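Hi,

Here is the structure I promised to pass on to you. Have a look at it first, and then read on for what I found.

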Amino acid sequence: MGVETLRSEFRNILNTQIDTVKANSLTDRSSTAFSSTITDSFSFVESLEAQNNDQVTDLRRIIEKLDSDGYNIGDCVHFYKSARKITLDEKFRCFGLGKCSIDDIRNMEWELLDPKIKSWNRAVRICFKNLFVKEKVLYEQIFGGLRSFAYDEGFLGIVSQFALHLINFAQGISATKLSFMHLFEVLDVYESLTIKVFPSLNAVFGSNVSESVSIRDKAAHTVESLAKSIRKMLSVFESSVLLEKSNNNISGGISGGIVKLTEFAMNYVTNLVKHKEVLTRLIVSQPTTSMEIDDDLVYMEVSGKSPFELHLIWIIRSLKYNLKGKSEFYKDVPLRFLFIMNNVNYIVQKIRGHPELQEIIGNEYLNRLKRYVLETADSYKNLSWGGVLHCLRDDGLQVRSLCTFWLSKSTFKNRLNSFNAAFDGVCQAQSTWIVPDTELRRELHRSILEELTPAYNTFLGQNRSHTGNPVRYNTVNVLEDTIHNLFVQR
């Protein structure tokens, strides 16, 4: 068989594969399930998988024949490289990344960038762990071991531009000024590079050829840039928790509930914990404190925790500090304490609901937060109900007649009226106040009634022991029912 015949046969086999890949790509793009099928599993017919053994054997046979006869196989390598690049390009465009430059990415609106990041994450996994590795294996099956085997000219020429495109996309993300709201998407990119790409990088691009070295260096540089971006975004988030000034849900009709900042910050913290392993490596410096010294800050200094763990505690500390400032929006002082109680209790419940977060925070600091909830509940109770209880005091109810003490009916009646007015006033003023947590609401009811019920019973006992016409009063059950109806969100 002549040289030109062998070369023609070599090209025909590759052209057949190109036609097959293009046909399959068109079929998949017309499919209603194209997006999920291509980007999630890359399950359309891959030429690497479809390349049957007979064709690989035929390609190898042709190359061996040309090589053994002393012919230069450079043109075959060149055609193979071109054919495989066409094949990979057909597959690569299915990821929907386009030919975005770093500047394109930096200037892209988030609504467009977010789906591209998701596609990029899938593309990185598939390309570096699957396609590039298989391309190398296939190339070596066909050209390996020959005296004119041209590894660098062939294989790197096939995959380098695709690898660089993927790395450049990540570099574009690292150079983009994104809000801390998008920290977790950037973390996904960082983890994809360090977990999905780096383990395969040396296997595919491990040679000392400049092209391989350039890809490895660019990947390492991009990872470091992403790390800096992540640290910066975390720092900005911490500052926003400390300094955020909005009064959402503060002056509305329903009062004292959980504000958006508390919910957002704690959801953010629990998501940070999901990336604990990576963030523990990335966060190497302690948070910079900028508020007055208190027990929380002293605890942070002596807790012996890692910088990442200290940052989580600092975020919660900052949130607690911010909530204290937000409470000042309320004119009613007892409501300020109820507001702080509710929000700090939300923090406690969020920590308790995530064992890994609780382990990081530690029981000591969690107990500090629990005590703070109890302290604010006591402050609320004393300020709200102290005046009501004062109406039930014993002193001044008895009058002396000769050697006998008698209950002063007029004083008793005045005290009862004062009590009723104070009780009704508190209940009416607090009718829109809420305690969202059922257990905390039940405990607050119990704590109020624990003091109110005995004092009221004792006070009424004075009236029942009086021999004159008794004064009418509300029963204890009425008071208890009224208290139990407080703080329920309607």
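Starting from the outside, the protein chain has an accessible surface of about 23400 Å², and carbon and sulfur atoms account for 50% of that. Please keep in mind that this is a predicted model.

As for the fold, the chain contains 20 helices and two strands. Of its 490 residues, 49% are buried. If you take the contacts between residues at least 6 apart in sequence, 79% of them join residues at least 24 apart.

The largest nonpolar core has 138 residues, and the members that touch the most others are Phe128, Phe132, Leu166, Phe205, Leu272 and Trp385. Helix H7 (residues 110–143) supplies the largest share of this core, with 15 residues. Phe132 is a good place to zoom in: leaving aside residues up to four places away in sequence, its contacts include Phe155, Phe162, Leu166 and Phe205.

Further along the chain, helix H15 runs over residues 333–352. Its 20 residues reach 29 Å from the first C-alpha to the last, close to the 28 Å expected at 1.5 Å a residue. Of those residues, 14 are buried, so H15 is largely enclosed by the rest of the structure.

One last residue to look at is Asp378, in helix H17 (residues 363–390). Is Asp378 buried, exposed or partly exposed? Its relative accessibility is 38%, so Asp378 counts as partly exposed. The C-alpha atom of Asp378 is 8.7 Å from that of Phe337, with their positions 41 residues apart along the chain.

Best wishes

Methods. Residues numbered from 1 in each chain as written. Predicted model: local features only at pLDDT ≥ 70, side-chain atom pairs only at ≥ 80, totals over all residues. Heavy atoms only, no water. Helix = DSSP H or I, 4+ residues; strand = E, 2+ residues; numbered from the N terminus. Expected span 1.5 Å × (residues − 1). Buried < 20%, exposed > 50% of the residue type's maximum accessible area, 1.4 Å probe, protein only. Contact = heavy atoms within 4.5 Å. Areas by Shrake-Rupley, 256 points an atom, 1.4 Å probe, with all protein chains shown as cover. Core = buried A, V, L, I, M, F, W, Y, C linked by side-chain atoms within 4.5 Å.
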